[in-house]
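Subject: Structure handover and notes

Hello,

Here is the structure you asked about, followed by my notes on it. Please read the notes with the structure open.

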Amino acid sequence: MKQFKTIYKHELAGHIKNKAFVGVTIFLVLVVVAISFLPRLLNSSSSDTEGGGKKDKIGLLVESGVDVEQAKEALLAEERFAGCEIMVEKDVETLKNLVMVGDYKCGFAIHDAGHFTYFVDDLSFYDSSMESFSNTLKKLNFRTALKEKGMSAAEIEKISNIEIVGEPVALGSNQAQNYFYAYIMIFALYMIIILYGQMIATNVASEKSSRAMEVLITSAKPTALMFGKILAACTAGMGQLILIFGGAYASFKFNESYIGEGNIIRMIFNIPLELIIYMIVFSLLGFLLYAMLFGAVGSMATKVEDINTLQTPITILFVIGFLIVVMNMGTNVNSGIMIVASYFPFTSPMAMFTRIAMGEIPTYEFVISIAILTVSVIGCGIFAARIYRAGVLHYGKPPKFMEMLAKAKKGV
């Protein structure tokens, strides 16, 4: 135990002092904090505009079949164009030129009741003006049709302004909301296992190639070396996640009043406590399972260059599990393949958590899944320790997997 503690402290200190690790952590914390501050900044900017800023001008040209004044009213009634100044033009070329020189933010030319052209200088990927104007034209056609039927302007206004209020009540789980929780957990677990798993394997291979392993193995047991490295990497990874999500949560609470009720940021940080507990449990067990395999693979490599080849089967196994879960998240989380994946230890950390977050499962399924995963972690730890013990002093051509498996069975 004393050897394990010494190695654990040494490896953890190495992660904390690593400039790349510290730099990536600080960068990610700053990114998530900046995202949380966006609603505050956007709100301030929009307030400044409303408080006396210059109104955006939108050009409008109506060729035939549509009343100009009604078109202006319909356009201003659309939330996207509320507060803008509508400028009516009679010539398409004039409208295009004014948009190009920047006098108009954009322009619309209505050719008839079902056809229009949208003019904009630089079309952004996130530009929603086309969709908004399509809605405007539909409403305008609706009003025109009602007017032709003999309805008065007051009656048309009353029908058009009926407020539709819908309130969803989820009797089970809210899959739309919990989708974000499940996806964030799966993506975070994916990054931790891939990055830290490869780091563990690379560190072990580096120590072998530099012959430092020969010195270490004389003063510490191989199992203490392996588990010290794995748990140090686990602690560093979880610490990094705590800093990132902790910084994001603190900035969210600071800017909460500026974030709307339906905002994705608010949905993410309103994650229920029980899901956080499930997330922590499955993340820890899943990381330990794969980290032990990466540690064993690292001991089999003679040079760092051998790592990519040796770890490929583990990476492929994990990526297949990741893809199975992601592809079923948007369709059916209780499909046959997801149920099987919930019990298979190498996919259950992702699959079972997704099913818990996005559906209702019996308690016994969760208990069985956790039990299988826990036993698998222990069994994998024993297996990996034997391979590690046999592989750390093996030099030359990397042994085949079946050779290492035979040595592990003998406990050599």
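In which helix does Q240 lie? Q240 is in helix 9. Before going further, please keep in mind that this is a predicted model.

Q240 and its neighbour in helix 9

Q240 has a relative accessible area of 12%, so it counts as buried, the limit being under 20%. Apart from residues within four places of it in sequence, Q240 is in contact with F21, V24, T25 and Y196. G239 is in helix 9 as well. With a relative accessibility of 26%, G239 counts as partly exposed. T25 comes up again here: its C-alpha is 9.7 Å from that of G239, although 214 residues separate the two in sequence.

The protein overall

The protein has 412 residues, of which 41% are buried. Its secondary structure consists of 16 helices and four strands. Of the contacts with a separation of 6 or more, 72% are between residues 24 or more positions apart.

The cores

The largest nonpolar core contains 70 residues, and F282, F287 and F353 have the most contacts inside it. Eight elements are relevant here, each giving two or more residues to this core: helix 1 (2-17), helix 7 (175-209), helix 9 (222-254), helix 11 (273-300), helix 12 (307-329), helix 13 (336-343), helix 14 (348-358) and helix 15 (363-391). Helix 11 supplies the largest share, 15 residues.

What does F282 touch, leaving aside its neighbours within four places in sequence? The residues in contact with F282 are M185, S348, P349, M352, F353, I356, F366, S369, I370 and L373. There is also a second core, separate from this one, with 18 residues; V66, C84, F108 and L137 are among them.

M185, one of the contacts of F282, lies in helix 7. Its relative accessible area is 2%, so M185 is buried. Setting aside neighbours within four places in sequence, M185 is in contact with M279, F282, S283, P349 and F353. The C-alpha atoms of M185 and M279 are 6.6 Å apart, with the two positions 94 residues apart along the chain.

Helix 11 against helix 12

Two packed helices are described by the angle between their axes and the distance between the axes. For helix 11 and helix 12, the angle is about 160° and the axes are 9 Å apart. Helix 11 is therefore roughly antiparallel to helix 12. The crossing of helix 11 past helix 12 is right-handed. On the helix 11 side, the contact is made by Y290, L293, F294, V297, G298 and M300. On the helix 12 side, it is made by I307, L310, Q311, I314, T315, L317 and F318. Sorted by class, this contact of helix 11 with helix 12 comprises 10 nonpolar residues, three polar residues and no charged residues.

K303 is located in the loop between helix 11 and helix 12. Its relative accessibility is 43%, so K303 counts as partly exposed. The C-alpha of K303 is 6.0 Å from that of A205, and the two residues are 98 apart along the chain.

Helix 14 and its contact with helix 13

How many of the residues of helix 14 are buried? The count is 11 of 11, and the helix is mostly covered. The buried residues of helix 14 are S348, P349, M350, A351, M352, F353, T354, R355, I356, A357 and M358. Among these, S348, P349, M352, F353 and I356 were listed above as contacts of F282.

Helix 13 and helix 14 pack with an angle of about 125° between them and 7 Å between their axes. The two helices are therefore oblique to each other, and their crossing is left-handed. From helix 13, the residues M338, I339, A341, S342 and Y343 meet S348, A351, M352, T354 and R355 of helix 14. This contact of helix 13 with helix 14 is made up of six nonpolar, three polar and one charged residue.

That is the end of my notes.

Regards

Methods: Residues are numbered from 1 along each chain as its sequence is written. This is a predicted model: local features need pLDDT of at least 70, side-chain atom pairs count only at pLDDT 80 or more; totals for chains, interfaces and linings use all residues. Side-chain values use heavy atoms; hydrogens and water are left out. A nonpolar core is a set of buried Ala, Val, Leu, Ile, Met, Phe, Trp, Tyr and Cys residues joined through side-chain atoms within 4.5 Å. Buried means under 20% relative accessible area, exposed over 50%, partly exposed in between (1.4 Å probe, protein chains only). Contact means heavy atoms within 4.5 Å. Axes are lines fitted to C-alpha atoms, for helices over the stretch in contact, and angles run from 0 to 180 degrees between N-to-C directions. Angles under 35 degrees count as roughly parallel, over 145 as roughly antiparallel, 65 to 115 as roughly perpendicular and the rest as oblique. A crossing is left-handed if the near helix is turned anticlockwise from the far one by less than a right angle, and right-handed if clockwise. Ala, Val, Leu, Ile, Met, Phe, Trp, Tyr, Cys and Pro count as nonpolar, Asp, Glu, Lys and Arg as charged, and the others, Gly among them, as polar.
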